[in-house]
Amino acid sequence: MSSVFQRGMSWHTYLNLERDLIDVTRYVALDKNHGGVWSERIAQLLLLTGSTVDSFFSEMRMSPCLDQFESVIDLRQKPEAYIGDYRRVYEPIYQLSGVELAVRYGLSEYGAIRPFLSFACYNNPEWWIDYNDVKHEFFQNMHKGTLDNLVHALGALFALNVLHMDSKEYLANIGLIRMGNLDTKLDYEWSMRNLWPYLKDSFIGC
């Protein structure tokens, strides 16, 4: 397993980016009405988050738990992979287009987002397209560094951390992923050691 996931590097990177977004909410409330608000700082955070999503996708290729997928094996042979490659390979495995997240912080609630919804139509997400525009021409496209794009990019990174099996194992071991009400029905103490055999057989995410 990659140390990126085994040591929880990807999760801690997510947490740092989430803290940065929380800092932004001191000035711009996390509200859908503010989705079009842009700034240099938000554009910078979109760059960091988008590149982290890209790196996460790339790192996933080498996971032993994906050895049974021929599409992943083919992807490993590509010297450079792009979002279209990741969409083609990972959507059937992780069903990313169906992932819905509830976004809220403090007194405000952003609502539900589906950061990979466009994968279902074989398209790239709008936030990813805008991230690339900002990456290639920062000053000309800084206005595309919006709160909405940042929220969706960060949601995408959260979803990957929770769904990818290598990352999921780390999150289960530190107690961040649980089995809901099941543990209250058991007549013995439910530990992460008991939990992982159930999570690793999940029908979605590998």
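These entries record what I looked up on the core, one helix and the largest pocket.

**Basis.** I worked from a predicted model, in which local features need pLDDT of at least 70, side-chain atom pairs count only at pLDDT 80 or more, and totals for chains, interfaces and linings use all residues. Residues are numbered from 1 along each chain as its sequence is written, and side-chain values use heavy atoms, with hydrogens and water left out.

**Core.** I looked up the largest nonpolar core (buried Ala, Val, Leu, Ile, Met, Phe, Trp, Tyr and Cys residues joined through side-chain atoms within 4.5 Å; buried means under 20% relative accessible area with a 1.4 Å probe, protein chains only). I found 54 residues in this core, with Phe57, Tyr90 and Leu96 having the most contacts inside it. Helix H8 (residues 147–163) gives the most to this core, ten residues; helices are DSSP runs of H or I, at least four residues, and strands are runs of E, at least two, numbered from the N terminus. I then listed contacts (heavy atoms within 4.5 Å) of Phe57: leaving out residues up to four places away in sequence, Phe57 touches Ile83, Tyr86, Tyr90, Leu96, Phe116 and Leu160.

**Helix H2.** I checked the length of H2 (residues 9–24): its 16 residues should span 22 Å at 1.5 Å a residue, and the end C-alpha atoms are 23 Å apart, which agrees. The expected span is 1.5 Å times one less than the number of residues. I noted that the buried residues of H2 include Trp11, Tyr14 and Leu21. Among the elements covering the buried residues of H2 are helix H3 (40–60) and H8.

Terms used
Buried < 20%, exposed > 50% of the residue type's maximum accessible area, 1.4 Å probe, protein only.
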